[in-house]
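Q: I am new to this structure. Please pick one part and take me through it closely, with the terms explained as you go.

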Amino acid sequence: VLFRSGMGGSSSKKKQDALKKKELQELVSRTHFSQEEIKSLHEHFKNISSAVESDGVIDKTEFSMALGLKDSIFVDRIFTLFDENDDKVINFREFLCGLSVFCKKGTLEEKLRFSFNVYDVDGDGNISRNELHMMLKASLFENHMDLSEDQMVALVDATFAEADLNGDGLISYDEYRVMVDKHPNIISNMTLSNSIIDRPPQSK
């Protein structure tokens, strides 16, 4: 499960918070979710967005809590990619569009692009050695895996030896795609469990 349910919140304002039909139809057209799935995810969103402050948006603290992760560069990157308008909070549309990439109907292209962008910290269209080192370190930390600095450098070197096909010291999106084709497990965590959609959210 990408996001944990049961992050607090109340169902007392369900009627006034209900999604309008036109909004539902638009969200269906922009994502891989059905209307019923969107309604269910809207309940999850309301719970998550009220975990710290009931303001109708998800801030980074609430985002970290929902992911069950510590605040880190790894969480920062995912939050930034969800936050399409860069206003430092995630509204329901952004939440849904971000999750759509992770659902089982999300396309390989969407998952590849999102995962690549997590590593492309400066957004220049390439992954540098420093970016890969930084993101791998953060990812391993979140997964409670500890490698020495020498092991981290060796891992980065091995990755570039395989992925940097033109030897320019950078991994482009096309080179990243070739590497993922050989090692599909790289994006194996890019598909979320249906439980976030099927299981009704719980209140504390």
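A: What follows starts with the whole chain and then turns to helix 7 and its aromatic partners.

The model is predicted: local features need pLDDT of at least 70, side-chain atom pairs count only at pLDDT 80 or more, and totals for chains, interfaces and linings use all residues. Residues are numbered from 1 along each chain as its sequence is written, and side-chain values use heavy atoms, with hydrogens and water left out.

Begin with the overall layout. The chain has eleven helices and two strands. These are DSSP runs numbered from the N terminus: H or I of at least four residues for helices, E of at least two for strands. Along the sequence the pattern reads α-α-α-α-α-α-α-β-α-α-β-α-α. The chain holds 204 residues, and 43% of them are buried. Buried means under 20% relative accessible area, exposed over 50%, and partly exposed in between, with a 1.4 Å probe and protein chains only. Contacts (heavy atoms within 4.5 Å) often span the chain: of those between residues at least 6 apart in sequence, 60% join residues at least 24 apart.

Now to helix 7, which covers residues 108-119 and contains K111. K111 is buried but has no salt bridge. Such a bridge needs a side-chain nitrogen of Lys or Arg within 4 Å of a carboxyl oxygen of Asp or Glu. The nearest side chain of opposite charge is E110, at 6.5 Å. For charge, Lys and Arg count as positive, Asp and Glu as negative, while His and the chain ends are not counted. Leaving out residues up to four places away in sequence, K111 touches V101, F102, C103, G106, I187, M190 and T191.

Next come the rings. The whole structure has ten aromatic pairs. Rings of Phe, Tyr and Trp (its six-membered ring) pair if their centres lie within 6.5 Å; planes under 30 degrees apart are stacked, over 60 edge-to-face, and the rest tilted. The F82 and F114 ring centres are 6.1 Å apart with planes at 85°, so this pair is edge-to-face. The pair joins distant parts of the chain: F82 belongs to helix 5 (residues 73-82) and F114 to helix 7, 32 residues apart. F82 is buried because its relative accessibility is 1%. F114 has a relative accessible area of 10%, so it is buried as well. Both belong to one aromatic cluster, together with F63, F79 and F102.

F82 and F114 also matter to a wider count. They are among the residues that touch the most other members of the largest nonpolar core, which has 47 residues; I38, F63, F92, F95 and Y176 share that listing. Helix 6 (residues 92-102) gives the most to this core, with six residues. A nonpolar core is a set of buried Ala, Val, Leu, Ile, Met, Phe, Trp, Tyr and Cys residues joined through side-chain atoms within 4.5 Å. In soluble globular proteins, nonpolar side chains tend to be buried together.

Helix 5 also holds T80. T80 is partly exposed, at 39% relative accessible area. Its C-alpha atom is 9.9 Å from that of V121, 41 residues away along the chain.

One ring meets a charge. The charged end of R113 sits over the ring of Y173, 3.6 Å from its centre. That label requires NZ of Lys or CZ of Arg within 6 Å of the ring centre and within 35 degrees of the ring normal. Elsewhere, R129 lies over the face of F160, 4.7 Å from the ring centre.
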